[in-house]
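Here are a few notes to read alongside the model. Keep the 3D view open as you go.

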Amino acid sequence: MIPYSKQHICEDDIAAVVDVLRSTHLTQGAKVTEFEQAIAHHVEAKHAIATNSGTSALHIACLALGVSRGDYVWTSPISFVASSNCALYCGAHVDFVDVEPHSGNMDMEELARKLAQAKLDNCLPKVIIVVHLCGAPCDLAKLAKLAQQYNFKVIEDACHALGASYENSPIGKCDYSDITVFSFHAVKNLTTAEGGMALTQSAELASTMRLLASHGITKDPERFVEQSVGDWYHEQQLLGFNYRMSDIHAALGLSQLNKFGEMQHQRADAVEYYQASLQGICTWLEANDNSTSANHLFVIQVPKEQRKTLFDKLRENNIWVQLHYMNIASQPYYRELGFNNYDYPIANQASDCGISLPVFADINKAEQDKVINIIKENLCS
Ligand SMILES: *Cc1c(COP(=O)(O)O)cnc(C)c1O
């Protein structure tokens, strides 16, 4: 079976995890801090807070930006449901902004139109969560301009985009946003099995997110609001969660980071090979010119009438293709909230025509050729 994605694990990853198992701390030891610093260094971010998933990082990012009951949060309908669920956790109203056809990322022209209308209706969003679909960055400069004009905060859901850059600025540095979130789930470009991270340039947001990820408790005397009365003293300052990463997971992440550059080269080669081989046969979601994709996914777009046949044919041949993504607004839970996917026609098109082909560091040409040949047989006959 060729999966759409899979982790790349070698002996050094296994040894790194075993080392932690033999040590005194399975969690809250030195590895988590080391991993936070290593990722922050890699993406040139000031502050990094490791979490137990990308979803929990999105949740504390929303909370740190003050998202609460009655607020509006907008995101992309072509994403994993966590991109919008995180705002619902905070009691906010969610809305979606339709996407660009060529990238599947939030359409900044559509966003501008929607903001102008929301201003008239007095329901401007507090936070906008953009998604760098497939690892290809959104138009962050346009977004940042709108953020200034309409006074909203920006979270980058960069769960696909570790290793990407926008106008030579690494995704994660937060040059155009308040907070950036990564996921280290097993299918992502770098894995800790389960895990995530929130990055920011703001010391204040970082300190709030750190509290939120660990029950709202601090043991740092410099942050106490009352007088410490002994070494046992600690303070719960807000209502937080247990969203911490363990040292076992962090050790795996650190070990993965050693070969991340090489893994990213392999991904880029795989995507280039698909592009060269499928030229003229179908189209695919593409990065904009001013950015470099992390090549997390390769999503082809085929005529709607041919999608199911091709998808089934690939699956019959043990090629475990997927769809990234079904329009979130089409999910039963979101329909129940009153959403209608027909309000987002371009997102629907991406949903109706997409197939995610296998892309991962270890994929070889023979596997890719098998995928390519089935596509050619089906689309060219
Ligand atoms: C994977 C993913 C998430 C959630 O990450 P988890 O670590 O699985 O919680 C959120 N958004 C997007 C776009 C993702 O791909």
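**Pockets, ligand and cavities**

1. Let's start with the second largest pocket, which holds about 370 Å³ of space. A pocket here is an open set of points on a 1 Å grid over the protein atoms alone, where a 1.4 Å probe is used for cavities, with protein on both sides within 12 Å along at least five of seven lines; lining residues have an atom within 4 Å of a point. Points are joined across faces, edges and corners, and a volume is the space filled by probe spheres set on them. Of the 24 lining residues, F80, S183, H185, K188 and Y325 are closest to the centre of this pocket.

2. A word on the source: this is a predicted model, where local features need pLDDT of at least 70 and side-chain atom pairs count only at pLDDT 80 or more, while totals for chains, interfaces and linings use all residues. Residues are numbered from 1 along each chain as its sequence is written, and side-chain values use heavy atoms, leaving out hydrogens and water.

3. Which pocket does the ligand sit in? The second largest one, where "sits in" asks that more than half of its atoms lie within 2 Å of the grid points. The ligand has 16 residues around it, and G54, T55, D157, S183 and K188 are the closest (a residue counts if one of its heavy atoms lies within 4 Å).

4. Now look at the polar contacts (pairs of N or O atoms within 3.5 Å; within protein, one must be able to donate a hydrogen and the other to accept it, and residues adjacent in sequence count only if both atoms are side-chain atoms). A polar backbone atom of G54 is 2.8 Å from a ligand oxygen. For D157, a polar side-chain atom is 2.8 Å from a ligand nitrogen. Y325 has a polar side-chain atom 3.3 Å from a ligand oxygen.

5. Helices α3 (54–64) and α4 (82–89) each give at least two residues to the shell around the ligand; helices are DSSP runs of H or I with at least four residues, strands are E runs with at least two, and both are numbered from the N terminus. In the lining of the second largest pocket, α3 gives the most, with 3 residues.

6. Elsewhere, the largest pocket has about 600 Å³ of space. Its 23 lining residues include Q28, R210, S214, I217 and R244, the closest to its centre. Here α7 gives the most to the lining, 5 residues.
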